[in-house]
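User: Please take a close look at one part of this model, the salt bridges and the strands that carry them, and then set that part in the context of the whole chain.

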Amino acid sequence: MANTTLTADIILKEAHRVFKNNTPFLQGMSRQYDGSFAAHGAKEGTDIRIRKPQQYTVRTGKTINVQNNVESSVTLSRSTQKGIDLSFSSQELTTDISRFSELYITPAMNTLAADIEADILTTAYQSTYNMVGTAGTDPATALVHLQAGAKLDEFATRRDGMRSNVLNPAGQAATVDGLKGLFQASEKIRDQYNSGNMGQGLGFEFAMSQNIQNHTVGLIGDNTALVNEGSGVASGDAVISMDDFSVSAPTVTKGDVFTIASVFAVNPVTLDSTGKLQQFVVTAAATGSSNAIADVAVSPSFVTSGPNQTVSALPANDAAITFIGTTGLVFAQNLAYHRDAFAFATIDLDMPDVDFKAREVTDGVSMRIVRDYDVFNDDSIYRIDILYGFVAVTPEWSCRIAGN
């Protein structure tokens, strides 16, 4: 069959296909597309508000206690534009699409997909305060994945078949080896053996991503410190001061996780203590002196009452703080999460006045391709772009699984 000149639409459809196959983390989360810009397109900086699930408290007795609907939301800014720029001749456009994809589209979109997924995985793990497993050890047992599922359950995460578990290559290898044949039907075992993938099990849809990020623990000495709040922490605060580090100039890194003695997590529905210490994540790097760090920003905030309660009690002065990991330890941040823990949103980019262009939305991801001619060098230049934003909507519906 004679080759047909490849159009912008054909190239973009193939680019979408390759992009989807190389973004397993993205495929397991909410993808939101705003079609209001379809006619004219937009540029960087457009914000939208994403509502969080409403929280209520239960009345006891016959006297009515009407609760106001308190809107809680997060801001998603479509502020990141990423793309791949290519150059090829008109003759190359007459190549069969499969061959053209092999030569140009696949390597280009593999690179773009990896870069975007690495970007959002970084934000995802740094927003997630729940963590299970052992830092520096690959997850190799059913227990660690069941513990991740239990964390989601403790925070009232829906059991609706929308839970995913994304592991780095080493984590997947250890998991498949450790769980091979465990309570699986014969066809599942065959699939694991043939593909080397975990597949579905333990309440998750498993996937592997080479873009799982590593975290480097800050300079925290022997992993312990004390709360330094002589005047106390107020309900609603999202900062805390620490002292008594074993190093004189301690640092905390964005993404460090710690617990505080006697500060327990609560069930978001009943507001009862789960009996397990609440984990907190550092949301901004900070450096201290004299064995102390003032005003460390954390998530979740310390809320002790109302429908948005997060902890059983406020931190007491001199309460023991324990960090996960050791000073400078680098370890993998595998992620278990519900679809609605995170949101990835794209918006249609402006379509310039050129002869070769296309814009298409597939699975909630808007992508654009345009071509222009470089008269100085006699080249045709092509660019493929995505304008996107990413935010943790309900980070309590996600859990980091420590790896190596």
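Analyst: In this predicted model, the side chains of aspartate 385 and arginine 368 meet in a salt bridge, with N and O at 3.4 Å. Aspartate 385 belongs to strand β22 and arginine 368 to strand β21, so the pair ties together parts that are 17 residues apart in sequence. Both partners fall under the 20% limit for a buried residue: aspartate 385 is buried because its relative accessible area is 3%, and arginine 368 likewise counts as buried, at 9% relative accessibility. Elsewhere, Arg158, Asp160, Arg339 and Asp340 are joined into one network by salt bridges that share partners.

Strand β21 contributes to a further salt bridge through arginine 371, whose partner is aspartate 355, the closest N and O atoms lying 3.1 Å apart. Here arginine 371 sits in strand β21, while aspartate 355 sits in the loop between β19 (342-347) and β20 (356-362), so this pair ties together parts that are 16 residues apart in sequence. The two ends of this salt bridge are covered to unlike degrees: arginine 371 counts as buried because its relative accessibility is 16%, whereas aspartate 355 is exposed, with a relative accessible area of 67%.

The end of β21 leads to a stretch of another character. Phenylalanine 376 is placed in the loop between β21 (365-374) and β22 (379-392), and because its relative accessibility is 78%, phenylalanine 376 counts as exposed. Together with Tyr373 and Val375, Phe376 makes a nonpolar surface patch of about 410 Å². The loop that holds phenylalanine 376 is thus the one between β21 and β22, and these are the strands that carry arginine 368 and aspartate 385.

A salt bridge within a helix offers a useful contrast in setting. The side chains of glutamate 14 and arginine 17 meet at 2.6 Å, N to O, and both residues lie in helix α1 (residues 8-21), where they are 3 residues apart, about one turn of the helix. Glutamate 14 counts as buried because its relative accessibility is 14%, while arginine 17, with a relative accessible area of 43%, is partly exposed. Over the whole structure, a search finds 15 salt bridges, among them the pair of glutamate 14 and arginine 17.

Strand pairing can be followed in detail in another part of the chain. In general, the strands of a sheet pair through backbone hydrogen bonds, in either a parallel or an antiparallel sense. In this model, 6 strands close into a barrel in the order β10-β11-β16-β14-β13-β17, with antiparallel pairing, and the twist from one strand to the next averages 45°. Within that order, strand β13 (residues 257-266) pairs with β14 in the antiparallel sense over 5 bridges, and valine 266 has serine 273, in β14, as its bridge partner. The hairpin of β13 and β14 has 6 residues between the strands, and in this hairpin leucine 271 takes a positive phi near 65°. On to the next neighbour in the barrel, strand β14 (residues 273-282) is joined by 2 bridges to strand β16 (residues 293-302), and these two run antiparallel. Along this pairing, valine 281 stands opposite serine 299 in β16, and valine 282 has valine 298, also in β16, as its bridge partner.

One loop residue away from these strands also deserves a look. Asparagine 211 is placed in the loop between β8 (204-208) and β9 (214-216), and yet asparagine 211 counts as buried because its relative accessibility is 13%. Leaving aside neighbours within four places in sequence, asparagine 211 is in contact with Ala114, Glu117, Ala118 and Leu121.

These details belong to a chain with 6 helices and 23 strands, in which buried residues make up 45% of the 404 residues. Of the contacts in the chain with a separation of 6 or more, 77% are accounted for by residues 24 or more positions apart. The accessible surface of the chain comes to about 18,600 Å², and carbon and sulfur atoms hold 50% of that area.

Definitions and conventions:
Residues are numbered from 1 along each chain as its sequence is written. This is a predicted model: local features need pLDDT of at least 70, side-chain atom pairs count only at pLDDT 80 or more; totals for chains, interfaces and linings use all residues. Side-chain values use heavy atoms; hydrogens and water are left out. Patches are made of residues with over 30% relative accessible area and no salt bridge: like charges are joined within 9 Å, nonpolar side chains (Val, Leu, Ile, Met, Phe, Trp, Tyr) within 5 Å. Accessible areas come from the Shrake-Rupley method with a 1.4 Å probe; for residues, only the protein chains shown count as cover. A salt bridge is a side-chain nitrogen of Lys or Arg within 4 Å of a carboxyl oxygen of Asp or Glu. Helices (H or I, at least four residues) and strands (E, at least two) are DSSP runs, numbered from the N terminus. Buried means under 20% relative accessible area, exposed over 50%, partly exposed in between (1.4 Å probe, protein chains only). Contact means heavy atoms within 4.5 Å. Two strands pair if DSSP finds at least two bridges between them. Axes are lines fitted to C-alpha atoms, for helices over the stretch in contact, and angles run from 0 to 180 degrees between N-to-C directions.
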